[in-house]
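Hi,

Here is the structure I said I would pass on. Have a look at it first, and then read my notes underneath.

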Amino acid sequence: MKIKTQSCVVAGKQTVDVTDQEIEWNNKGTLVQITRGGICGSDLHYYQEGKVGNFSVKAPMVLGHEVIGKIVHSDSEKLHEGQTVAVNPSKPCGHCKYCLAKEENQCTEMRFFGSAMYFPHVDGGFTRFKVVDTAQCIPFSGNADAKTMAFAEPLAVAIHAAHQAGDLQGKRVFISGVGPIGCLIVSAVKTLGAAEIVCADISSRSLELAQKMGADTLLDPRSADLTPWKAEKGYFDVSFEVSGNPTSITTCLEVTRARGAMVQVGMGGAVADFPMMMLIAKEIALKGSFRFTTEFNTAVSWLANGVVDPLPLLSGEYPFTELEQALKFAGDKTQAAKVQLVF
């Protein structure tokens with residue numbers, strides 16, 4: 001069966017278009033009609049810079065990895081026509097040592113939606129119809145709010161970061177950088193039992209959103225006095241660095257207590273003057289956090305059951321045919337947190 005579709009394509013720096021395509025479903029996998037998708041920072045990088053990290057766009061590529069939709073056809077009896085699903089953008093190989101150890105986010109052959117890591121590129125989910133592996137479809141109730149459910153992927157990233165910190169019950173938590181992921185980490189750690197959440201950002205708008213998502217204390221690191229939280233080798237049991245800024249990294253290490261934990265979520269460049277001695281002397285456990293594994297299913301469950309409300313972060317909705325306008329708005333951080341496309 002051949003299906004005509006329309007897809008949101010990036011072809012290099014600041015070159016986007018909505019193009020007609022044809023896909024084929026041959027009774028293997030699941031054909032999904034995409035209904036809604038959130039614009040991520042990586043989508044913005046591909047649009048603004050033509051690359052993410054070292055991976056440059058070499059040919060037209062469909063953007064998007066935060067998508068939901070409804071089933072058209074499936075090779076599984078467990079999925080029926082019209083059923084609403086969140087689409088997990090991860091497609092691990094299933095046979096490398098990490099997949100066999102249930103550490104699929106570290107898969108050596110991961111095929112992730114909307115990525116220029118490989119050539120030909122891996123097309124994303126900003127398309128009216130997409131064929132995916134059946135395992136990538138996570139059903140949710142048709143009564144659940146679509147705007148809410150489109151947050152499944154970024155919430156999964158936040159829950160995975162929270163899990164990297166270990167048991168959070170009763171813990172004092174510091175979060176530096178509260179863009180959409182930082183704000184979702186606020187909700188995740190609160191849900192997992194954190195007793196106190198302090199957030200730092202240079203954007204007053206971001207701090208206001210963090211408060212709506214559950215933060216207890218807000219501060220601008222450029223003017224706030226952090227001395228009390230640095231005293232006696234630090235105050236917080238856990239810190240999350242979500243900006244990638246070298247100054248923010250240092251601040252997290254300073255306010256994290258001795259033998260506490262710091263989770264690095266923000267992706268920045270190399271840090272030439274990383275305060276290694278502070279990490280060593282305070283015996284801080286430094287952990288990275290990358291994507292997610294089973295947390296995608298957890299995110300779908302939390303959102304469908306109202307455990308977390310992400311809607312304070314939704315700044316705008318655009319028809320998918322207005323992709324470029326949506327990307328421009330999403331790139332204006334004075335106005336936008338999370339922007340969604342409607343298909």
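Below is what turned up, going from one helix to the cysteines, a pocket and an annotated domain.

Keep in mind that this is a predicted model.

Let's start with helix α4, which covers residues 152-164. Its 13 residues reach 18 Å from the first C-alpha to the last, close to the 18 Å expected at 1.5 Å a residue. Most of α4 is covered, with eleven of the 13 residues buried. Among them are Glu153 and His160, along with Leu155, Val157 and Ile159. After α4 comes Gly166, which has a positive phi near 85 degrees.

Next, the cysteines. A search of the whole structure gave zero disulfides. Why does Cys40 have no bond to Cys183? The sulfur of Cys183 is the closest cysteine sulfur to that of Cys40, but it is 15 Å away, too far for a bond. Cys199 also has its closest cysteine sulfur in Cys183, and there the distance is 7.1 Å, again too far for a bond. Cys199 is buried at 0% relative accessibility, and Cys40 is buried too, with a relative accessible area of 19%, because the cut-off for buried is under 20%.

Then there is the second largest pocket, with about 340 Å³ of space. It is lined by 16 residues, and Asn88, Ser90, Pro92, Glu104 and Ala135 are the closest to its centre. The lining has seven polar, five nonpolar and four charged residues.

Finally, an unreviewed UniProt entry places "domain: Alcohol dehydrogenase-like C-terminal" at residues 180-304. Over that stretch the chain is 41% helix and 22% strand, and the end C-alpha atoms are 19 Å apart.

Cheers

Key:
Residues numbered from 1 in each chain as written. Predicted model: local features only at pLDDT ≥ 70, side-chain atom pairs only at ≥ 80, totals over all residues. Heavy atoms only, no water. 1 Å grid on protein atoms, 1.4 Å probe; cavity = no way out; pocket = protein on both sides within 12 Å on 5 of 7 lines; lining within 4 Å. Points joined across faces, edges and corners; volume = space filled by probe spheres on them. Nonpolar A, V, L, I, M, F, W, Y, C, P; charged D, E, K, R; others polar. UniProt positions renumbered as here; feature names shortened; annotations may be inferred. Helix = DSSP H or I, 4+ residues; strand = E, 2+ residues; numbered from the N terminus. Expected span 1.5 Å × (residues − 1). Buried < 20%, exposed > 50% of the residue type's maximum accessible area, 1.4 Å probe, protein only. Disulfide = S-S within 2.5 Å.
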